[in-house]
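Biologist: Could you take a close look at chain B for me? I'm new to this, so please keep it plain.

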Amino acid sequence: MKGQEVVAARAAKQQQGPMHRAFDWLPTAANSKAPSPGPGNPHHSHRQSSNDSLFSAQATPEHCDLHCKVMLLGDSGVGKTCILTRFRDGQFLYGNYITTVGIDFRNKMVTVDDSHVKLQIWDTAGQERFRSVTHAYYRDAHALLLLYDVTNKQSYDNIRAWLGEIREYAQDDVVIMLLGNKCDCGAERVVRREDGQRLANEYKVPFMETSAKTGLNVELAFHAVARELKARTKKEYSDESKFNVQEYLGQHQSHRNSCLATNCLTT
Amino acid sequence: MATKDSASATTSSASGSTATATATATATSLRVEDVTVESGIEPGASAETMLVTTDSLEEFEQELSSSIDDRQMKESITSTISDIQQDPVDSPKTLAMNLEKSASFDSNEIDELSQQFGQNSLDADPLKCKVWLAQKKHVFVLSQAGKPIYSRYSSEDKLVTVMGVMQALVSFVQAGNDMIRSVHAGDTNFVFVVRGPLILVSVSKTLESVPQLVLQLTYVYNQILSVLSQSQLTKVYEQRRNFDLRRLLTGSERLIDHLLNFMDREPAFFLSAVKCLPLLPSMRDAITQTIVQTCSKIKNLVFAILLANNQLITLVRMKKFCIHPADLHLIQNLVDSSESFKTAESWTPICLPKFDSNGFMYSHVSYLAEDCQACLLLLTVDRDVFFTLSEAKQKIVEKLRRTNCLEAINESMNKASITIAEIGLSEMRHVLYKCKSTAQFWSPGFQPPYTTDEEIQRLLGCYQCLHHRLHSPSRPLKLIFQQLDKETMLAWVTSGFELYVTFEPLITKTDAINSIGKLLKWIKKEEERLFILNSPTF
């Protein structure tokens, strides 16, 4: 049965030929006559796994009501791994710059109201050379946290390109959140908060500034995602529980916004 | 009469040192037959091996001689990875080798240029910095167009002019349809390697020989390939000759940094061999079987590699495919230099240049458990099987835990390596033993006087000198017995093994032979623990 699946997947890959990009990691690309498969090929391999769906109650040993895949995206060095380490372990990685090689997978349980939500967080490498490997995983993601660095204009300018890739490779209903990280670096800041907000409005995605160093808004970002995903699954039962990430962020972030300025005391 | 040439003599070019080396060989009246334990059977030898056993140095020599025509290099038509992906798996890998004349070079011109090189003055540039200038070994990578790509000790931005000179040197000689190999100025060697679209340069004040430096540069080149693959590297430069490769290498400079430091302290590289973690054979088998059983159903899984402390615990391979020690060294380098693997399961593309330089393999990398820091790598050619491999890894760890294998691994990892003194050989201090048929080596822990980094470095330097003389392309030797100021060294190569031994300085030849006999007996007795003698497949 597995063999059939692979055959099917190959056929599907070939249909995707036109999506071939200059940067193709696929080994056969250089030699094979067949059109090169695009990076966003089907995720057939884990289709059969039961935890793939959004509803995977009690599928894993630890009881969880919901299983979500969250992906961290953004240029290299914007602080994706740091945000994740802050969220998962409550720590900040001082000093040493740890580069992610490919994709790192980590799990974290969060509690939304009474239910346990298991977040499987995919921390991606920001480097261009890993792009097509990460593309392959876009489609499986339920939520994407897209980061830029407020002290790095280039990383902000690249957000449009990132959103373009997301549109190309991710599911249409994927939850996207834009985060301006390193907002504790007051003096070095080159991207204003308003710039981030304007960009977010343009693409109609929720936006926040975060700091992995101080922990500002880090929990909030992940919790908001978990809430949104949970709300979506409920929607299918009733239209009552409408949840709006932007509103939620507004409510929970507002009191912290005032202390944003005081947080910027570095250098 | 043993030659007493330590440091200085070895810096002379290959032809110069041949004379002294020959003298050493004839002066030594060791009869190797006396030492052989059981004739025909070398400790650690095995008919099966999972490692490719051709000597890297010889191979690199060949590769080196092909570099002039590399720019027109044809990609090899067969690709190992696509072979595996397309089911029928057999087609021998062909390598296109181009021959070239060896370089002869006008030394006056070089002097002039290298003077410029040494005295280049720029504001606030590293060339005026004493610390920078005093570094023992610089490594630079630039493109054929002269664009800086990598420098070991400073930002390559500041070295634009120096790299320009390097590029000028290379292309000047190329214009004469020739190849620059090395420049020797006082105690400094400038070694050039031109591979594909890249120029690699080593400026070294160490005692390492030119072939050894070439080997190191080739490792650096392979490290770059491991990140980008040959086909991609060729492609970007075909599209734009003055491409800035740093854009694609961001984040991997640390891999090269780490590799260079790694090569400075690990004999594995010049020996072209791998060290195994000592384990009871029953335990090692249990671990191997666990991996084989769990993974045998997974399609397209090519290698499963378990490493601890940079040593090999086990390696399971797909039938018909072996791994080259040079590729394994790159994997070790990746694992050793990536902190992020310790905290998460990773899925990472990697090109193994010896296995298939044009394609990527995908590797599931994870440490076994919080309480067992051995790193498991599952390498496949299928980019979509992360979750399958992740599941397999979970199962492997559960089984290993149930069968107490994790404990066994921990125990061996935490135990300091046995020293020669503990084996009971007085007068002997340290040894490197490489079994040729399996490309594995063993070395004991360091004992006094080799307790400081400096002394260890010096000892490894001595081993490298001996290695160079055994393998000198112009006049290879079989046996060297050399009394130095601080120790007496013996190097011996047979068809089955290579042995490098450090003795007390005043040891007699007879005593040396006797203790080598004892050592070989001990290794033979322990071989099942020290080496992997089988070559398991899925």
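Modeller: Sure, and one term comes up again and again: a residue is buried under 20% relative accessible area, exposed over 50%, and partly exposed in between, using a 1.4 Å probe and protein chains only. This is a predicted model, where local features need pLDDT of at least 70, side-chain atom pairs need 80 or more, and totals for chains, interfaces and linings use all residues. Residues are numbered from 1 along each chain as its sequence is written, chains are lettered from A and ligands numbered from 1 in the order written, and side-chain values use heavy atoms, without hydrogens or water.

Let's begin with the whole chain. Chain B has 538 residues, and 60% of them are buried. Its secondary structure comes to 20 helices and 16 strands; these are DSSP runs numbered from the N terminus, helices being H or I with at least four residues and strands E with at least two. A contact means heavy atoms within 4.5 Å. Take the contacts in chain B with a separation of 6 or more: 69% of them join residues 24 or more positions apart. The accessible surface of the chain (Shrake-Rupley, 1.4 Å probe) is about 21,400 Å², and carbon and sulfur atoms supply 52% of that.

Next, the annotated stretches. An unreviewed UniProt entry marks residues 137-259 of chain B as "domain: FUZ/MON1/HPS1 first Longin"; such annotations use the numbering here, have shortened names, and may be inferred rather than shown by experiment. That stretch is 46% helix and 24% strand, with its end C-alpha atoms 13 Å apart. The unreviewed UniProt record also gives "domain: FUZ/MON1/HPS1 second Longin" for residues 299-398 of chain B. Here the span is 30% helix and 39% strand, and the end C-alpha atoms lie 22 Å apart.

Zoom in on helix H9 of chain B, residues 230-239. Because 7 of its 10 residues are buried, H9 is largely enclosed by the rest of the structure. The buried ones are B:Gln230, B:Ser231, B:Gln232, B:Leu233, B:Thr234, B:Val236 and B:Tyr237. What do they pack against? Their partners in chain B are strands E1 (137-143), E2 (148-151) and E5 (198-204), plus helices H8 (210-228) and H10 (246-249).

Follow the chain past H10 and you reach B:Gly251, in the loop leading to helix H11 (253-265). B:Gly251 counts as buried, at 10% relative accessibility. Setting aside neighbours within four places in sequence, B:Gly251 is in contact with A:Thr99 and A:Gln127, residues of chain A. Its C-alpha atom is 28 Å from that of B:Ser82, which sits 169 residues away along the chain.

Now for a helix pair. Helices H13 (residues 281-295) and H16 (residues 386-402) of chain B pack at an angle of about 145°, with axes 10 Å apart. The axes are lines fitted to C-alpha atoms over the stretch in contact, and angles run from 0 to 180 degrees between N-to-C directions. From H13, the residues B:Ile287, B:Thr290, B:Ile291, B:Gln293, B:Thr294 and B:Cys295 meet B:Ala392, B:Lys395, B:Ile396, B:Lys399 and B:Leu400 of H16. Sorted by class, this contact has 6 nonpolar, 3 polar and 2 charged residues.

After H13 comes a loop to strand E7 (301-308), and B:Asn300 is in that loop. B:Asn300 has a positive phi of about 65° although it is not a glycine. Buried or exposed? B:Asn300 is buried, at 8% relative accessible area. Further on, B:Lys320 lies in the loop between strand E8 (311-317) and helix H14 (325-337). B:Lys320, also not a glycine, has a positive phi near 80°. With a relative accessible area of 61%, B:Lys320 is exposed.

Strand E10 (residues 361-369) holds B:Ser363. B:Ser363 is buried, with a relative accessible area of 2%. Leaving out residues up to four places away, B:Ser363 touches B:Ser346, B:Trp347, B:Thr348, B:Ile350, B:Leu377, B:Leu378 and B:Leu379.

One last stop is a peptide bond. From B:Pro448 to B:Pro449 it is cis, with omega near 5°. B:Pro449 lies in the loop between strand E13 (440-442) and helix H19 (453-470) of chain B.

How values were computed
Nonpolar A, V, L, I, M, F, W, Y, C, P; charged D, E, K, R; others polar.
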